[in-house]
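This briefing covers chain contacts, helix packing and charged pairs. Please read it alongside the sequence and the coordinates.

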Amino acid sequence: MSAEHEQGVREGEAAREEDFEERRGPYDWSWLIMGARKAASLPGLVMAMSFIGFGALLHSMNLPLAFGVVTDVFVWALPGQVVMTDNVSRGLPLLVTAFAVSLTAVRLLPMVVLVLSRARREGNARWPEYIAAYFIAATIWVMAEMFMGQVPRRGRVPWLIGLGCALISAMSLFTIAGFYLTGMMPKPLAVTLVFFTPSFFLLALVGGAGPRMDWLAIALGLVIGPLTHLYWPRLDLLAAGIIGGGAAFALARPAGRSTA
Amino acid sequence: MSGMHAASWPGGGMWITVLAAGLAATYVWRWLGVLLVKRIDPRSPALLLVRAVATALVAALVARMVFFPSGLLAQTSLATRLAALGCGLAMWRLGGRKVEPSVAVTVAVFFILQLLS
């Protein structure tokens, strides 16, 4: 087992070195299928739990299922979908709804930058990047951190698009399942399904943490998150990210310009 | 498709407008990300900052779900949520730093605690 692990680490390092040589050139679209297959993984399962929960939420709000499924396809970021569903069901003005949804989506910007900076290649048309970005949200960022090191640079953007297409299709089905299954599950089971989300995100962050800055960012996010939630409930995650992440960067960044 | 409609449900063409607004409101940030990524040197410290912000943001999401849960999770006790996560972190540290089995331990402990309480 440990030899396998070391082999994995060496391959990871090789892939990272390869990164710099491989940053120019065309994409290899045969990786589309490999990406689609990765939808069947632990992060995919965790995502399924969240979307079953979203289906249950639609049911409990007496909203049409079709609306929820269409937001899966057109919004594809669960916090935004929940805010949108909630606002629409309360009949709030469209501009207010759009603004609230947009606030929840600001967090997607750093995630798109992080994922694409490791995936894109120079010398190509940019449309594949715009498509790949369409799919990127928190879980796909974590999945890219976990799995994209094993994908050669030329295959990464196609891999992301394949993964995204497979996840959107699967999650639409899980939304439908959640809509109809809700209420049929015993409570301890139902609540455990919801608990998959914080469990997975915490362990994925811890598991993916390398340098000291990552650990600081995790610790500060955990501590500051509840505080910002009390003071700015609408902007809590964004505020915690900027304050906690900014502080982690300031405290742990490599000293001096010569080492940067 | 579904016969259920809330009283305030927008009819007819409003559907399309609502969805288009949701799409634009969300995608604009992804689109800005694509514009930005071309301008950032992959080796620049700016990316470290972006990574720290994303990491802290997701950690804050975890903390919010643990300390201020909504919906079903709000009906469980804070002690069971913390105990389960503690077991998962212990499993990660002592069990070879693997994410999947640690998540399995976390949710299994949580499930057992819910059955007992």
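How many salt bridges does a search of the whole structure find over all chains? The search finds nine. The model is predicted, and the points below take the contact between chain A and chain B, then two helix pairs, then the salt bridges.

**Contact between chain A and chain B**
- Chain A contributes 95 residues to the contact and chain B contributes 76 residues.
- About 7,800 Å² is buried between the two chains, with 82% of that area on carbon and sulfur atoms.
- On the chain B side, Trp29(B), Arg30(B) and Arg51(B) supply 9% of the area that chain B buries against chain A, more than any other three residues.

**Helix 13 of chain A with helix 2 of chain B**
- Helix 13 of chain A spans residues 236-252 and helix 2 of chain B spans residues 45-67; their axes come within 7 Å and cross at roughly 130 degrees.
- The two helices are therefore oblique to each other, since an angle that is over 115 degrees but not over 145 falls in that class.
- Their crossing is right-handed.
- Residues of helix 13 in this contact include Leu237(A), Leu238(A), Ile242(A), Gly244(A), Gly245(A), Gly246(A) and Phe249(A), while those of helix 2 include Leu48(B), Leu49(B), Val53(B), Leu57(B), Leu61(B) and Arg64(B).
- By residue class, the contact of these helices holds 15 nonpolar, four polar and two charged residues.

**Helix 3 with helix 10 in chain A**
- Helix 3 (residues 42-60) of chain A packs against helix 10 (residues 153-181) of chain A at an angle of about 45 degrees, and the axes are 7 Å apart.
- That angle makes helix 3 of chain A oblique to helix 10 of chain A.
- Helix 3 of chain A passes helix 10 of chain A in a right-handed crossing.
- Helix 3 brings residues including Met47(A), Phe51(A), Ile52(A), Phe54(A) and His59(A), and helix 10 brings residues including Leu167(A), Met171(A), Phe174(A) and Phe179(A).
- The residues of this contact divide into eleven nonpolar, five polar and no charged.

**Salt bridges**
- Between chain B and chain A the count is four.
- Lys38(B) and Glu122(A) form a salt bridge through their side chains, at 3.5 Å from N to O.
- Within chain A, the side chains of Arg118(A) and Glu145(A) meet in a salt bridge at 3.9 Å, N to O.
- This pair links distant parts of the chain, 27 residues apart: Arg118(A) lies in the loop between helix 7 (108-117) and helix 8 (127-135), and Glu145(A) lies in helix 9 (residues 138-147).

Notes
Residues numbered from 1 in each chain as written. Chains lettered and ligands numbered in written order. Predicted model: local features only at pLDDT ≥ 70, side-chain atom pairs only at ≥ 80, totals over all residues. Heavy atoms only, no water. Axes fitted to C-alpha atoms, helices over the stretch in contact; angles between N-to-C directions. Helix = DSSP H or I, 4+ residues; strand = E, 2+ residues; numbered from the N terminus. Parallel < 35°, antiparallel > 145°, perpendicular 65-115°, else oblique. Left-handed = near helix turned anticlockwise from the far one by under 90°. Contact = heavy atoms within 4.5 Å. Nonpolar A, V, L, I, M, F, W, Y, C, P; charged D, E, K, R; others polar. Buried area = accessible area lost by both parts, 1.4 Å probe.
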